[in-house]
Amino acid sequence: MPSRSRTADKAATFRTAVDDLADKLNNGQELPHRFQKSDPERLQGRLVRGRSDADFRINEKFGWRGGTVIAWSGMRGAVTVAAAQTLPSDTPYRPRLLLIAFTVATATLLLQGLTLPWVIRRLRVDGDDEAADRAALGELYAAMTDEVTDALADPSLTMADGTPFDPVIREQVRTWTEPVGAGPLPKGSSRRTSTPASSIRN
């Protein structure tokens with residue numbers, strides 16, 4: 001399995017290529033030959049997904065330790081039991097095959113399940129950064145609040161049939177999106193509404 005740094009480097013290179021292609025698409029420049037016949041909207045969606053995948057690989061830096069934990073935590077026995085149950089009733093040695101399947105499932109659940117914490121500690125797999133997760137949640141909440149605030153400020157905002165929204169409903173939504181408390185967001189972020197991550201409850 002590739003090392004973390006190698007995987008992150010490949011993802012960064014791919015991200016650069018995706019950004020270059022997106023710039024050409026947005027600016028109306030000539031695309032590489034293999035993309036010239038692609039539908040612009042579908043290509044834009046592929047670029048968004050590609051950028052997200054690259055960001056995940058760069059930020060998470062998934063390595064062999066994480067892959068080992070995922071492989072160890074996979075409950076393969078459950079699939080074995082499900083497959084064995086689909087065998088026709090006249091299958092030779094069907095009862096024995098079912099017994100084997102249940103034995104494998106039990107061994108998988110007990111052996112791999114009970115030893116999973118030990119495997120994680122042994123491999124020294126890093127846990128989630130709770131502070132970073134809460135900061136990211138605060139950023140997301142602030143961005144959503146900005147979008148709602150902009151929409152409510154638009155005088156042309158109407159329902160699908162063109163009927164204006166009830167002012168009471170608009171005021172209710174505006175109240176729901178008001179900032180809760182005040183506090184700084186992570187360095188380098190911008191915000192019009194102040195909703196710190198610490199104010200968001202799990």
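**Surface, salt bridges and patches of an all-helical chain**

The chain exposes about 15000 Å². Carbon and sulfur atoms supply 58% of that area. The model is a predicted one. Of the 202 residues of the chain, 21% count as buried. Contacts were also examined by their separation in sequence. Among those between residues at least 6 apart, 59% join residues at least 24 apart.

The secondary structure comes to seven helices and zero strands. Read from the N terminus, the elements run α-α-α-α-α-α-α. Helix α1 covers residues 4-26. Helix α2 covers residues 40-60. Further along, α4 spans 76-85 and α5 spans 94-123. Helix α6 takes in 130-153.

Salt bridges were considered next. The count comes to three. Arg15, Asp19, Arg51 and Asp55 are linked in a network of such bridges. Each pair is described in turn.

One bridge joins the side chains of Arg15 and Asp19, with an N to O distance of 3.1 Å. Both residues belong to helix α1. They are separated by about one helical turn, because they stand four residues apart in that helix. Arg15 has 21% relative accessibility and counts as partly exposed. Asp19 also counts as partly exposed, at 24% relative accessibility.

Arg15 forms a salt bridge with Asp55 as well. Here the closest N and O atoms are 2.2 Å apart. Arg15 lies in helix α1 and Asp55 in helix α2, so this pair ties together parts that are 40 residues apart in sequence. Asp55 is partly exposed, with a relative accessibility of 27%.

A further bridge runs between Arg51 and Asp19. Their closest N and O atoms are 3.1 Å apart. Arg51 lies in helix α2 and Asp19 in helix α1. The pair therefore ties together parts that are 32 residues apart in sequence. Arg15 thus has a bridge to Asp19 and another to Asp55. Asp19 is bridged to Arg15 and to Arg51.

Charge also gathers on the surface. Arg34, Arg42, Arg46 and Arg49 form a patch of positive charge there. One of these residues, Arg42, has its place in helix α2. Arg42 counts as exposed, because its relative accessibility is 65% and the cut-off for exposed is over 50%.

A nonpolar patch was found on the surface too. Tyr93, Leu97, Ile100 and Val104 make up this patch, which has an area of about 390 Å². Tyr93 is found in the loop between α4 and α5. At 59% relative accessibility, Tyr93 counts as exposed.

The backbone of Tyr93 also deserves a remark. Its phi is near 60 degrees, a positive value in a residue other than glycine. Most residues other than glycine have a negative phi. The residue with this positive value sits in the loop between α4 and α5.

Another loop residue was examined for its contacts. Val125 lies in the loop between α5 and α6. Val125 is partly exposed, with a relative accessible area of 27%. Leaving aside residues up to four places away in sequence, Val125 touches Arg65, Val69 and Ile120. Val125 and Arg65 are 60 residues apart in sequence. In space, their C-alpha atoms are 6.4 Å apart.

Taken together, the details fall into a few groups. Arg15, Asp19, Arg51 and Asp55 form the salt-bridge network. Arg34, Arg42, Arg46 and Arg49 supply a positive surface patch. Tyr93, Leu97, Ile100 and Val104 supply a nonpolar one. Val125, in the loop between α5 and α6, touches residues including Arg65 and Val69.

Definitions and conventions
Residues numbered from 1 in each chain as written. Predicted model: local features only at pLDDT ≥ 70, side-chain atom pairs only at ≥ 80, totals over all residues. Heavy atoms only, no water. Salt bridge = Lys/Arg side-chain N within 4 Å of Asp/Glu carboxyl O. Helix = DSSP H or I, 4+ residues; strand = E, 2+ residues; numbered from the N terminus. Buried < 20%, exposed > 50% of the residue type's maximum accessible area, 1.4 Å probe, protein only. Patch = residues over 30% accessible without salt bridge, like charges linked within 9 Å, V, L, I, M, F, W, Y side chains within 5 Å. Areas by Shrake-Rupley, 256 points an atom, 1.4 Å probe, with all protein chains shown as cover. Lys, Arg positive; Asp, Glu negative; His and termini not counted. Charge placed at Lys NZ, Arg CZ, Asp CG, Glu CD. Contact = heavy atoms within 4.5 Å.
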